[in-house]
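User: Please choose one part of this model and take me through it closely, moving from residue level up to the arrangement of its elements. I would like every cut-off stated where it is first needed.

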Amino acid sequence: MSMKAIIVDDLSDARLAIRADVEAYCPQVEIIGEAEGVISGAKLIKELNPDLVFLDIQMQDGSGFDLLEITGNDNFKVI
(Lines give C-alpha, C1' and ligand atoms only; values in the text may rest on other atoms or scores of the structure.)
Protein backbone atom coordinates (compact mmCIF):
# COMPACT_ATOMS: atom_id res chain seq x y z
CA MET A 1 0.00 0.00 0.00
CA SER A 2 1.44 3.34 -0.97
CA MET A 3 0.92 6.48 1.11
CA LYS A 4 1.16 10.16 0.18
CA ALA A 5 2.86 12.30 2.83
CA ILE A 6 3.83 15.89 3.49
CA ILE A 7 6.35 17.37 5.92
CA VAL A 8 5.49 20.47 7.97
CA ASP A 9 8.48 21.86 9.86
CA ASP A 10 9.96 25.36 10.08
CA LEU A 11 13.54 24.05 9.99
CA SER A 12 14.83 23.15 6.53
CA ASP A 13 17.43 20.76 8.00
CA ALA A 14 14.67 18.87 9.80
CA ARG A 15 12.62 18.61 6.60
CA LEU A 16 15.68 17.29 4.74
CA ALA A 17 16.40 14.72 7.47
CA ILE A 18 12.80 13.47 7.54
CA ARG A 19 12.73 13.24 3.74
CA ALA A 20 16.03 11.30 3.71
CA ASP A 21 14.81 8.85 6.38
CA VAL A 22 11.48 8.28 4.66
CA GLU A 23 13.15 7.72 1.29
CA ALA A 24 15.70 5.33 2.83
CA TYR A 25 13.42 3.29 5.09
CA CYS A 26 9.83 3.70 3.88
CA PRO A 27 9.63 3.00 0.14
CA GLN A 28 5.83 2.80 0.35
CA VAL A 29 5.66 6.47 1.46
CA GLU A 30 5.91 9.22 -1.18
CA ILE A 31 6.69 12.74 0.03
CA ILE A 32 4.44 14.93 -2.12
CA GLY A 33 5.07 18.30 -0.48
CA GLU A 34 6.70 20.37 2.25
CA ALA A 35 5.63 23.41 4.25
CA GLU A 36 7.41 25.55 6.80
CA GLY A 37 4.57 26.69 9.03
CA VAL A 38 1.03 26.37 10.26
CA ILE A 39 -0.63 28.47 7.56
CA SER A 40 1.36 27.06 4.64
CA GLY A 41 0.94 23.54 6.06
CA ALA A 42 -2.83 23.86 6.37
CA LYS A 43 -3.02 25.16 2.80
CA LEU A 44 -0.86 22.27 1.54
CA ILE A 45 -3.00 19.69 3.36
CA LYS A 46 -6.16 21.09 1.77
CA GLU A 47 -4.53 21.16 -1.69
CA LEU A 48 -2.84 17.75 -1.66
CA ASN A 49 -5.01 15.66 0.70
CA PRO A 50 -2.14 13.55 2.12
CA ASP A 51 -2.54 10.25 3.95
CA LEU A 52 0.23 11.13 6.40
CA VAL A 53 1.65 14.38 7.84
CA PHE A 54 5.06 14.62 9.51
CA LEU A 55 4.30 17.54 11.82
CA ASP A 56 6.58 19.70 13.93
CA ILE A 57 5.19 20.72 17.32
CA GLN A 58 6.50 24.29 17.61
CA MET A 59 6.92 26.51 14.56
CA GLN A 60 7.40 30.23 14.15
CA ASP A 61 3.75 30.95 13.28
CA GLY A 62 2.17 28.58 15.81
CA SER A 63 2.08 24.96 16.88
CA GLY A 64 1.30 21.67 15.22
CA PHE A 65 -1.80 21.61 17.41
CA ASP A 66 -2.92 24.88 15.83
CA LEU A 67 -2.57 23.28 12.41
CA LEU A 68 -4.61 20.26 13.50
CA GLU A 69 -7.33 22.56 14.80
CA ILE A 70 -7.46 24.42 11.47
CA THR A 71 -7.56 21.28 9.32
CA GLY A 72 -9.78 19.13 11.52
CA ASN A 73 -7.35 16.19 11.21
CA ASP A 74 -9.94 13.72 10.03
CA ASN A 75 -8.43 12.53 6.76
CA PHE A 76 -4.77 11.88 7.61
CA LYS A 77 -2.47 10.31 10.18
CA VAL A 78 0.07 12.43 12.07
CA ILE A 79 3.63 11.71 13.11
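Analyst: Contact, throughout this account, means heavy atoms within 4.5 Å. With residues up to four places away in sequence left out, Ser63 touches Val38, Ile57 and Gln58. The model is predicted, so that local features need pLDDT of at least 70 and side-chain atom pairs count only at pLDDT 80 or more, whereas totals for chains, interfaces and linings use all residues. Residues are numbered from 1 along each chain as its sequence is written, and side-chain values use heavy atoms, with hydrogens and water left out.

The part to examine is the sheet, together with the helices and loops described alongside it. Helices (H or I, at least four residues) and strands (E, at least two) are DSSP runs numbered from the N terminus, and two strands pair if DSSP finds at least two bridges between them. The sheet is open, consists of 4 strands in the order S2-S1-S3-S6, and has parallel pairing. Its edges are strand S2 (29-35) and strand S6 (77-78), each of which pairs on one side only.

Beginning at the S2 edge, S1 and S2 run parallel and are joined by 6 bridges. Lys4 stands opposite Glu30 in S2, and farther along the pairing Val8 stands opposite Ala35 in S2. S1 is also joined to S3, again in parallel, by 4 bridges; here Ala5 has Leu52 in S3 as its bridge partner, while Ile6 stands opposite Val53 in S3. The pairing continues from strand S3 (residues 52-55) to S6, in the parallel sense, over 2 bridges, and Val53 stands opposite Val78 in S6. Val53 therefore appears in two of these pairings, opposite Ile6 and opposite Val78.

Helix H1 (residues 12-25) packs on this sheet and touches strand S1 (3-8), S2 and S3, with its direction making about 170 degrees with that of S2. Such angles run from 0 to 180 degrees between N-to-C directions, and the axes are lines fitted to C-alpha atoms, for helices over the stretch in contact.

As to burial, a residue is buried under 20% relative accessible area, exposed over 50% and partly exposed in between (1.4 Å probe, protein chains only). S1 is mostly covered, since 5 of its 6 residues are buried. In a regular strand the side chains alternate between the two faces of the sheet. In S3, Leu52 and Phe54 point one way and Val53 and Leu55 the other, and all are buried.

Leu48, which lies in helix H2, also meets residues of the sheet. Leaving aside its neighbours within four places in sequence, Leu48 is in contact with Lys4, Ile6, Ile32 and Gly33. The C-alpha atoms of Leu48 and Gly33 are separated by 8.0 Å, although the two residues are 15 apart along the chain. Despite these contacts, Leu48 counts as partly exposed, with a relative accessible area of 29%.

Asn49 lies in the loop between H2 and S3. Most residues other than glycine have a negative phi, and most peptide bonds are trans. Asn49, by contrast, has a positive phi of about 50 degrees although it is not a glycine, and its relative accessible area of 45% makes it partly exposed.

H2 also has a helix partner. The axes of helix H2 (residues 38-48) and helix H3 (residues 64-71) come within 9 Å and cross at roughly 40 degrees. On the H2 side the contact is made by Val38, Gly41, Ala42, Ile45 and Lys46, and on the H3 side by Asp66, Leu67, Ile70 and Thr71. Val38 also links back to the opening residue, being one of those that Ser63 touches. Ser63 lies in strand S5 (residues 62-63) and is buried, with a relative accessible area of 12%.

Gln60, located in the loop between strand S4 (58-59) and S5, gives a contrast with Ser63: Gln60 counts as exposed at 77% relative accessibility, whereas Ser63 is buried. The C-alpha atoms of Gln60 and Asn75, 15 residues apart along the chain, are separated by 25 Å.
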